[in-house]
Amino acid sequence: SEVYKRQSLTLLVHLPARLRLTLLPRLPRQVSSIAISQPLDVIKTRIQNQNFESKVGGMTVVRELLKNEGASAFFKGLTPKVLCVLFSFTAHCRSY
């Protein structure tokens, strides 16, 4: 554990200052903003995928989602979005 800490700190020290000050703090903010907005995106998608004849509101969608699929259903599709952010972050780091 101590070796890992020392190695990760060594890597951070060798990164250019511009990278440490601009890109690294941005990654947790991007991932957290995706995680916070994901449940609303799932609800929006469920409402948009319904038939035009049925007029079901957002709270009904939330109740049905919780009843049928559980709370984890609000985070369906989170992994691909986070991976896209990580890949773009990696590409951005490589371009510095």
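# Briefing on a five-helix protein chain

Glu64 is partly exposed, its relative accessible area being 37%. This residue belongs to helix α4, as does Lys67, and α4 is the element treated in most detail below. The structure is a predicted model. Its protein chain contains five helices and zero strands, and its 96 residues include 18% that count as buried.

**Overall architecture**

- Read along the sequence, the elements of the protein chain follow the pattern α-α-α-α-α.
- Among contacts between residues at least 6 apart in sequence, 64% join residues that are at least 24 apart.
- The protein chain exposes about 7,400 Å² of area, and carbon and sulfur atoms supply 64% of that area.

**Helix α4 and its two sides**

- Helix α4 covers residues 58–69, and its 12 residues should span 16 Å at 1.5 Å a residue; the C-alpha atoms at its ends are 16 Å apart, which agrees with that expectation.
- Val61, Val62 and Leu65 are the buried residues of α4.
- Viewed down the axis of α4, these buried residues fall within an arc of 100°, and they therefore line one face of the helix.
- The buried residues of α4 pack against α3, which covers residues 26–48.
- The face of α4 turned away from the buried side carries Met59, Arg63, Lys67 and Asn68, which are exposed.
- Gly70 follows α4 and has a positive phi, near 90°.

**Salt bridges**

- Side chains of opposite charge can pair when their charged atoms come close.
- The structure holds five salt bridges.
- Within α4, Lys67 forms a salt bridge with Glu64, and the closest N and O atoms are 3.7 Å apart.
- Lys67 and Glu64 are three residues apart in α4, about one turn of the helix.
- Lys67 counts as exposed, at 61% relative accessibility, whereas Glu64 is partly exposed, at 37%.
- Arg46 forms a salt bridge with Glu69, with 2.9 Å between the closest N and O atoms.
- Arg46 lies in helix α3 and Glu69 in helix α4, so this pair ties together parts that are 23 residues apart in sequence.
- Both partners of this bridge are partly exposed: Arg46 has a relative accessible area of 28%, and Glu69 has a relative accessibility of 34%.
- Lys44 forms a salt bridge with Asp41, the closest N and O atoms being 3.3 Å apart.
- Lys44 and Asp41 are three residues apart in helix α3, and about one helical turn therefore separates them.
- Lys44 is partly exposed, with a relative accessible area of 39%, and Asp41 is partly exposed, with a relative accessible area of 25%.
- A network of salt bridges links Asp41 and Lys44 with Lys81.

**Loops on either side of α4**

- Gln50 is found in the loop between α3 and α4, where it is partly exposed, with a relative accessible area of 23%.
- Leaving aside neighbours within four places in sequence, Gln50 is in contact with Val56 and Val61; Val61 is one of the buried residues of α4.
- Ala73 is found in the loop between α4 and α5, and it counts as buried, at 1% relative accessibility.
- Not counting residues up to four places away in sequence, Ala73 touches Val42 and Leu65; Leu65 is also among the buried residues of α4.
- Ala73 and Val42 are 31 residues apart in sequence, and their C-alpha atoms are 8.1 Å apart in space.

**Nonpolar surface patch**

- Leu83, Leu86 and Phe87 form a nonpolar patch on the surface, and together these residues have about 280 Å² of accessible area.
- Leu86 lies in helix α5, which covers residues 78–95.
- Leu86 is partly exposed, with a relative accessible area of 33%.

Note on methods. Residues numbered from 1 in each chain as written. Predicted model: local features only at pLDDT ≥ 70, side-chain atom pairs only at ≥ 80, totals over all residues. Heavy atoms only, no water. Helix = DSSP H or I, 4+ residues; strand = E, 2+ residues; numbered from the N terminus. Expected span 1.5 Å × (residues − 1). Buried < 20%, exposed > 50% of the residue type's maximum accessible area, 1.4 Å probe, protein only. Arc of directions from axis to C-beta. Contact = heavy atoms within 4.5 Å. Salt bridge = Lys/Arg side-chain N within 4 Å of Asp/Glu carboxyl O. Patch = residues over 30% accessible without salt bridge, like charges linked within 9 Å, V, L, I, M, F, W, Y side chains within 5 Å. Areas by Shrake-Rupley, 256 points an atom, 1.4 Å probe, with all protein chains shown as cover.
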